[in-house]
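Me: Please give me a close look at the charged side chains in this one, and then carry on to whatever else is worth a stop. I'm new to this, so explain the terms as you go.

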Amino acid sequence: MNAHDDTISRMIEGDATPEEIARLHEAAKADPALRARLSELTALHGLLGVAMEDEFSRERRLQGILKAVKAAEQEDFVDAVKGKVRRGRRFQYRLAAAAAVALCLTGWMFLAGKHRAVATVARVETVTWGQGVEFDAGSHLKSGQHLSFESGLVELQVGKRGKMVVEGPADLEFAAADKSILHRGRVVMRVTPAGHGYRMETPGGAVVDLGTEFAVSVGDKGDTETHVLEGEVEAFPNGGGKVKLTRDKALRFANGGESIPADLGEFYTAMPPTHAKTVNQVHWPLDTIANATTPAVSDGMLPGPKEFRLLSRGTFPPPYASEGVYGHALRFDGNQAYAESDFRGIGGAAPRTVSFWVKVPKDFQTEEGFAIVSWGNFVSEHPGGVWQIAVNPLPVDGPIGRIRVGTHQGQIVGSTDLRDDQWHHVAAVLYGGSQPNVGTHVMIYLDGKLEPISRRALREISTEIENAPHGVWLGRDITNNTKPGSTDKRRFFRGDIDEVYIFDAALSHSDVLKLRDENQAPQ
C-alpha cells in the first residue's frame with residue numbers, strides 16, 4: 001500500500017484530521033504520482049459509493065441536495081452542510097470531501113496545463129533580444145509565455161501540431177497548446193494533421209487553420225494580414241464575418257476584411273541551411289593598385305585571372321585608393337568609374353555569399369545608386385539571370401538609400417538608411433534550393449545583424465554566367481549596357497568599397513561576424 005493511502009482513505013471516510021489533510025495536500029502538490037493516486041482512489045470511492053446506494057439512500061441523498069439548494073437560497077448553505085456533518089451523515093461528508101479533492105485536482109491540473117510546455121525552440125538565427133526572456137535552441141515555452149525579440153529568426157516546434165518560423169521584430173504569446181497570439185511580427189506555420197484547427201489571434205482578428213501552411217503578419221500599429229501558402233484557413237477579421245482563404249489568397253484585416261494579392265515573398269518560409277562543405281572563395285582586399293589593377297586572393301575557385309581592372313568611360317578617372325576599414329579601399333565618384341574582373345561569379349541557383357564594407361555619402365543622389373557588386377547576363381527576357389547588390393535608388397521598390405539585393409525585376413530592400421558617410425559591413429546570403437527566390441531565400445546582414453526587410457518582390461534566381469559579356473563588376477549597374485564613350489553617367493556608384501569576398505556557400509551568422517570583426521573567412 002502507498003504510504004499515503006491510509007490518510008487518503010480516512011480523509012474520504014471523514015476520519016482524517018485537518019492537520020493530516022493539510023499535510024496530504026502539500027505532499028500532493030510536490031508529487032505527481034501522489035496526485036494521480038489521490039485522483040484514482042477518490043474517483044473509485046465515489047463510483048463505489050453511488051453504485052452501492054439503495055433506493056432509500058439515493059432518495060435521501062437527492063432530498064439532501066434539494067435541501068442544500070434551498071438552504072443556499074436562504075444564505076445558510078454552509079451552516080446546513082456543517083450541521084449535517086456534525087450529525088454524522090458520513091455519506092454526504094464523503095461526497096463533499098470527494099468534491100473538494102476533485103476541485104483541488106482540477107486546480108492542480110489547470111495550473112499544470114497552464115504552465116506546461118507548448119512549443120520548443122528548434123533554432124535561433126541572428127536574434128537580437130529585447131527586454132524579454134532569452135531562449136536558446138532546446139528551450140521550452142509554456143502556456144502564458146511570450147517569445148519576444150527585436151530582429152532575427154526563430155524556428156519553433158509547436159508540439160506535434162507543426163512548425164513555426166518567426167521573424168522579428170516579434171512578440172508571440174502562447175495562450176494554449178492549440179492557440180497563440182501574435183502581437184507583432186511575421187509568422188509562417190506549417191501545420192501537421194494533428195494541428196488542424198490551430199488558432200492564431202492578432203489585434204485585427206483571428207486565423208484558424210484548416211490543414212495548411214499559412215503566414216500572418218502584424219505591424220507596429222496592429223495592421224494585420226494573413227497569406228495562405230498551402231491548403232486553406234478561416235479568417236475572422238474584427239468587425240467582419242468569417243472568410244475562407246485558399247492557396248495563394250490573402251486578406252488584410254482592416255475594415256472588416258479586404259482581399260489582397262498574396263505576396264509570399266513577404267515571409268521567410270524556412271530557416272537558412274548551414275553549409276556542410278568546404279567553402280571556396282575569392283577575396284579582393286583592395287589594398288594595392290598597380291597598372292590600374294588590384295589583385296585577388298582565390299581559395300578553391302576555378303583557375304583563371306580574377307583581379308579587378310580599374311576602368312572608366314570617356315575622360316572620367318577610374319576608381320582610386322581611399323582609407324578603408326582594413327588598409328586601403330576603393331573610391332568610386334559616380335562618373336562612370338567601375339572595376340571589372342574576369343571571374344564570372346556564382347551561377348544558376350547555387351548558394352552564395354557576398355561580403356564587403358561600403359560607405360555611402362550623405363548627399364547621395366538617386367542616379368548614383370544601384371551597383372555595388374554585380375554579375376550575370378542582363379537580358380530583358382530573362383529577368384532572373386543577373387545578381388546585384390546595390391543602394392536602392394527607386395522609391396517604387398522601397399525606401400531610398402537602403403541596401404538592395406536582387407535580380408532584374410525582383411529584389412529585397414532593407415530598412416537602414418546607409419546615407420551617413422560611415423562604414424557599414426554588408427553580407428548578402430543566398431541559400432539555394434530547387435527554385436530559390438530572391439524574396440524568400442536571401443538574407444541580408446548589416447553590421448553583423450539580420451537586416452529587417454522593408455519591401456520584397458518575388459523573382460526566381462537563375463544567374464546566367466556562361467554567356468555573360470563580362471565578369472563581376474564593382475560600381476556599375478548590371479543593366480547599364482551603354483556603349484563606351486557615352487556621356488550617360490547614371491547608375492554608377494558613388495562611395496567607397498572595401499574587402500570584397502564572394503563565397504560559393506551560404507555562410508552562417510558566426511561566419512559573417514568573423515568577417516566583420518576579424519576580416520577572416522571560414523575555413
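Reply: A salt bridge is a side-chain nitrogen of Lys or Arg within 4 Å of a carboxyl oxygen of Asp or Glu. Before we hunt for them, some ground rules: residues are numbered from 1 along each chain as its sequence is written, and side-chain values use heavy atoms, with hydrogens and water left out. This is a predicted model, and local features are taken only where pLDDT is at least 70, side-chain atom pairs only at 80 or more, while totals for chains, interfaces and linings use all residues.

The structure holds 21 salt bridges. One of them joins the side chains of Arg123 and Glu125, at 3.2 Å from N to O. How accessible is Glu125? Glu125 counts as buried, with a relative accessible area of 8% (buried is under 20%, exposed is over 50%, partly exposed is in between, using a 1.4 Å probe and protein chains only).

Another salt bridge brings together the side chains of Glu234 and Lys242, at 3.6 Å from N to O. The two ends have different labels here: Glu234 is buried at 16% relative accessibility, whereas Lys242 is exposed at 55%. Then there's Asp248, which pairs with its neighbour Arg247, the closest N and O atoms being 4.0 Å apart. Asp248 is partly exposed at 41%, and Arg247 is partly exposed at 49%. Salt bridges can link up too: Glu150, Arg184 and Asp220 are tied into a network of them.

Now for the nonpolar side. A nonpolar core is a set of buried Ala, Val, Leu, Ile, Met, Phe, Trp, Tyr and Cys residues joined through side-chain atoms within 4.5 Å. The largest one has 53 residues, and Phe356, Ile372 and Trp375 touch the most other members. Apart from it lies another core of 34 residues, among them Val127, Trp129, Val207 and Phe214.

Next, follow the backbone. Helices and strands are DSSP runs numbered from the N terminus (helices are H or I, at least four residues; strands are E, at least two). Take Thr294, which sits in strand S13. Thr294 is buried, as its relative accessible area is 0%. Contact means heavy atoms within 4.5 Å, and leaving out residues up to four places away in sequence, Thr294 touches residues including Trp284, Leu286, Glu307 and Phe308.

Asn291 is found in the loop between strand S12 (281–284) and S13. Asn291 is exposed, with a relative accessible area of 79%, and has a positive phi near 55° without being a glycine. That's worth a second look: most residues other than glycine have a negative phi, and most peptide bonds are trans. A cis peptide bond turns up between Gly168 and Pro169, with omega about 5°. Pro169 belongs to strand S4 (residues 162–176).

Further along, strands S16 (residues 320–323) and S17 (residues 328–333) run antiparallel and are joined by 4 bridges (two strands pair if DSSP finds at least two bridges between them). Ala321 has Leu330 as its bridge partner in S17. The two strands form a hairpin with 4 residues between them, and in the turn Gly327 has a positive phi of about 75°.

After S17 comes a loop leading to strand S18 (337–341), and Gly334 lies in that loop. Gly334 is buried, with a relative accessible area of 6%. Although Gly334 and Arg494 are 160 residues apart in sequence, their C-alpha atoms are 4.2 Å apart in space. Gln336 lies in the loop between S17 and S18 too. Gln336 is buried at 0% and has a positive phi of about 70°, though it is not a glycine.

Lastly, how far can you trust the picture? pLDDT is the predictor's confidence in each residue, from 0 to 100. The protein averages 81, and 75% of the residues score at least 70. Among the elements, strand S13 (residues 293–294) has the highest mean pLDDT at 98, and helix H5 (residues 77–86) the lowest at 46. Over residues 68–78 the pLDDT is below 50, and beyond near neighbours in sequence that stretch has 6 contacts in the model. Residues 98–113 also stay under 50, with 13 contacts beyond four places in sequence. Where pLDDT is low, the predicted coordinates should not be read in detail.
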